[in-house]
Amino acid sequence: MPSLFAKVKAKMDLYAHEKVRSLLDGQYGSVFKGRSLDFDDLREYIPGDDVKDIDWKATARSSGIRIRRYQAIRKHNILLVVDTGRHMAATGKNGSSKRDISIMAAGVLGYIVLRHGDLIGLVSGDVKNNTYIPFKGDDRHIEQLLRHIEKNTQLAAAPSNIVNQLEYIARNLRRKMMLVVVANDDELTSEHQHIIRRLRAQHEILWITVNDTSGLDGNRSFYDIDDLAALPYFIRKQTKLQADFDREQQLYYREYSTTLERLGVISERISGEEDVVGSFFSLLERQKHARWH
């Protein structure tokens, strides 16, 4: 059986240049800089590095700019929180499976975490069920997480409800962590906001929303996964309806992001697998500045 983790790394090569991947790697490290870190060695400067880390004495003795590199004295715990309800088995905005997008997001995060010697765990589920896979830090563990997401994100699953997973974490996991949530595009209700506020008091939270397709693509036929109702062709071909929908959708996106920001949560939206690396870079960059400024 082909490795899902190997597929993710191959897609990272396809969607992101090596320089971009290096920048992403640096952003992750900068988020945790100053937390139980010790000096390790020197390396060549990469655009995007913090200029405060430049070793000017070493730079003067060499032909290029040298950066101080740090290593963690203790490992950090990164908890991946993934919605595996049936709504995540639907089609994403760019036409690919939302399940494939969430696997890509989980794999990219796993790749970064392993490169820094940290630990990653998983809480996943739907409105009825929760599964917890404890923290580890090796390739086999990442593959296990990806296989679990693939196996459980099915149309036959119970409906999505990320609140259930967040409440499970609040009840059962006491250690300080960074939570990286991969969620269906559901309205942020008062229940969402209450549990996010509660968790945010103890943990840092990064939030990825996987965008739904509108169903208004006139060249493709879509159906609702809850009631199997299809959107009629004559509606899908109405350009004014599409324009009105797009305008309302942008307003909804801004309100969604503003709500999370007010709760102290940095968020990004992903429409396809090709968005994942760039979205993680943006999340980590904004998280770094949110903390220090």
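Contact here means heavy atoms within 4.5 Å. The model described is a predicted one.

**Overall content**

The protein has 10 helices and eight strands. Of its 293 residues, 45% count as buried. Among contacts in the protein with a separation of 6 or more, 77% are accounted for by residues 24 or more positions apart.

**Helix pairs**

Three helix pairs are set out below by axis geometry.

| Pair | Angle between axes | Distance between axes |
|---|---|---|
| α4 (residues 98–115) and α5 (residues 139–152) | about 165° | 10 Å |
| α6 (residues 162–172) and α7 (residues 190–200) | about 30° | 10 Å |
| α1 (residues 4–15) and α4 | about 90° | 9 Å |

Helices α4 and α5 pack at an angle of about 165°. That makes α4 roughly antiparallel to α5, since angles over 145 degrees count as such. The crossing of α4 past α5 is right-handed. On the α4 side, R99, S102, I103, A106, G107, G110 and L114 take part, and they meet D139, I142, L146, I149 and E150 of α5. By class, this contact has six nonpolar, three polar and three charged residues.

Helix α4 also packs against α1, at an angle of about 90°. The two helices are therefore roughly perpendicular to each other. From α1, the residues F5, V8, K9, K11, M12 and Y15 meet I103, M104, G107, V108, G110, Y111 and L114 of α4. The α1 contact with α4 has nine nonpolar, two polar and two charged residues. Residues of α4 that meet α5 include I103, G107, G110 and L114, and these four are also among the α4 residues that meet α1.

For α6 and α7, the angle is about 30°. That makes α6 roughly parallel to α7, because the limit for that class is under 35 degrees. Here the crossing is left-handed. I162, V163, L166, E167, I169 and A170 of α6 meet E191, H192, I195, I196, R198 and L199 of α7. The residues in the contact of α6 with α7 divide into eight nonpolar, one polar and three charged.

**Helix α6 and its surroundings**

Eight of the 11 residues of α6 are buried, so this helix is largely enclosed by the rest of the structure. The buried residues are I162, V163, N164, Q165, L166, Y168, I169 and A170. What covers them includes the strands β3, β4 (119–125), β5 (130–136), β6 and β7 (204–210), together with helix α7.

**V81 in strand β3**

One residue of β3 that touches α6 residues is V81, placed in that strand (residues 77–83). V81 counts as buried because its relative accessibility is 0%, and the cut-off for buried is under 20%. Leaving out residues up to four places away in sequence, V81 touches V123, I162, Q165, L166, I169, L179, V180, V181 and V182. Of these, I162, Q165, L166 and I169 are listed among the buried residues of α6. V81 and Q165 are 84 residues apart in sequence, while their C-alpha atoms are 7.2 Å apart in space.

**N184 in strand β6**

N184 has its place in strand β6 (residues 178–184). At 4% relative accessibility, N184 counts as buried. Which side chains make polar contacts with the side chain of N184? The side chain of K98 does so at 2.3 Å, and the side chain of D186 at 2.9 Å. K98 belongs to helix α4, which spans residues 98–115.

Not counting residues up to four places away in sequence, N184 touches D83, H87, M88, K98, S160, T209, V210, D212 and Y256. Of these, D83 lies in β3 (residues 77–83), and T209 and V210 lie in β7 (204–210). N184 and G85 are 99 residues apart in sequence and 8.6 Å apart in space, C-alpha to C-alpha.

Definitions and conventions:
Residues numbered from 1 in each chain as written. Predicted model: local features only at pLDDT ≥ 70, side-chain atom pairs only at ≥ 80, totals over all residues. Heavy atoms only, no water. Buried < 20%, exposed > 50% of the residue type's maximum accessible area, 1.4 Å probe, protein only. Polar contact = N/O pair within 3.5 Å; in protein donor to acceptor, adjacent residues only side chain to side chain. Axes fitted to C-alpha atoms, helices over the stretch in contact; angles between N-to-C directions. Parallel < 35°, antiparallel > 145°, perpendicular 65-115°, else oblique. Left-handed = near helix turned anticlockwise from the far one by under 90°. Nonpolar A, V, L, I, M, F, W, Y, C, P; charged D, E, K, R; others polar.
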